[in-house]
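User: Hey, got a minute to go through this model with me? I'd like to start with the charged contacts and then wander a bit.
Analyst: Sure, pull it up and we'll take it piece by piece.

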Amino acid sequence: MQPKGTPGGGTPIEAKWVRVEQPTMAELLARMERDGVVQREPNPADARGSLTSLTCTARQRWPEGKAALMSVEQDVMAGFSTKEKEQRVRLLQRVVENLKR
């Protein structure tokens with residue numbers, strides 16, 4: 001998602017960024033818009049696209065959501081050493097690189 005007012009922000013760019021097909025991203029954005037998470041408006045720089053941004057409500061809820069995710073991560077990583085946690089990050093980065101192929 002591009003910040004509001006930034007050139008770009010069309011669904012093909014977003015889909016590429018999260019590595020999903022364009023129709024999948026379009027459907028996801030439509031649901032998010034329906035649920036009041038994002039808002040879309042015409043892109044003044046490119047009439048074919050739109051600018052997508054978080055709604056005010058979603059921005060206000062962001063800290064709560066981030067805190068919940070951090071709490072879950074702490075719970076699932078309990079008992080792992082710092083070295084093991086770092087190894088997990090390296091392994092997941094390799095998985096992401098493999099998915100790019």
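**Salt bridges and beyond**

Analyst: Let's start with Arg 40 and Glu 33, whose side chains meet in a salt bridge, 3.2 Å from N to O. Keep in mind that this is a predicted model.

User: Are Arg 40 and Glu 33 buried or exposed?
Analyst: In between. Arg 40 has 28% relative accessibility, so it counts as partly exposed. Glu 33 is also partly exposed, at 33%.

User: How many salt bridges does a search of the whole structure find?
Analyst: The search turns up 6 salt bridges. One of them joins the side chains of Glu 27 and Arg 31, at 2.9 Å from N to O.

User: Where do Glu 27 and Arg 31 sit relative to each other?
Analyst: Both are in helix H2, which covers residues 22-34. They are 4 residues apart there, so about one helical turn separates them. Arg 31 counts as partly exposed because its relative accessibility is 35%.

User: Which residue does Arg 48 form a salt bridge with?
Analyst: That's Asp 46, and the closest N and O atoms of the pair are 2.9 Å apart. Arg 48 counts as exposed, with 77% relative accessibility, whereas Asp 46 is partly exposed at 26%.

User: OK, zooming out. What's the order of elements from the N terminus on?
Analyst: It goes α-α-β-β-α-α. That's 4 helices and 2 strands in the protein chain.

User: And how much of the chain counts as buried?
Analyst: 16% of the 101 residues do. The cut-off for buried is under 20% relative accessible area.

User: Let's talk pockets. What volume does the largest pocket have?
Analyst: About 270 Å³. It is lined by 14 residues, and the closest to its centre are Val 37, Leu 54, Ala 58, Arg 61 and Trp 62.

User: Which helix gives the most to that lining?
Analyst: Helix H3, residues 56-76, which puts in 7 residues.

User: How do the lining residues divide by chemistry?
Analyst: You get 7 nonpolar, 4 polar and 3 charged residues around the largest pocket.

User: Leu 54 came up there. How far is its C-alpha from that of Gln 39?
Analyst: The two C-alpha atoms are separated by 6.2 Å, with the residues 15 apart along the chain. Gln 39 belongs to strand E1, residues 38-42.

User: Is Gln 39 exposed or buried?
Analyst: Neither one fully: Gln 39 is partly exposed, with a relative accessible area of 29%.

User: Last topic, greasy surface. Which residues form a nonpolar patch there?
Analyst: Trp 17, Val 18 and Val 20. Together they have about 310 Å² of accessible area.

User: Where does Val 18 lie?
Analyst: In helix H1, which spans residues 11-18.

User: Why can Val 18 be part of a patch?
Analyst: Patch residues need over 30% relative accessible area and no salt bridge. Val 18 has 37%, so it clears the area cut-off, and it counts as partly exposed.

User: Great, that gives me plenty to look at on screen.
Analyst: Have fun with it, and shout if something else catches your eye.

Methods. Residues are numbered from 1 along each chain as its sequence is written. This is a predicted model: local features need pLDDT of at least 70, side-chain atom pairs count only at pLDDT 80 or more; totals for chains, interfaces and linings use all residues. Side-chain values use heavy atoms; hydrogens and water are left out. Patches are made of residues with over 30% relative accessible area and no salt bridge: like charges are joined within 9 Å, nonpolar side chains (Val, Leu, Ile, Met, Phe, Trp, Tyr) within 5 Å. Accessible areas come from the Shrake-Rupley method with a 1.4 Å probe; for residues, only the protein chains shown count as cover. A salt bridge is a side-chain nitrogen of Lys or Arg within 4 Å of a carboxyl oxygen of Asp or Glu. Buried means under 20% relative accessible area, exposed over 50%, partly exposed in between (1.4 Å probe, protein chains only). On a 1 Å grid over the protein atoms alone, a cavity is a set of points where a 1.4 Å probe fits but cannot get out, and a pocket is an open set with protein on both sides within 12 Å along at least five of seven lines; lining residues have an atom within 4 Å of a point. Grid points are joined across faces, edges and corners, and a volume is the space filled by probe spheres set on the points. Ala, Val, Leu, Ile, Met, Phe, Trp, Tyr, Cys and Pro count as nonpolar, Asp, Glu, Lys and Arg as charged, and the others, Gly among them, as polar.
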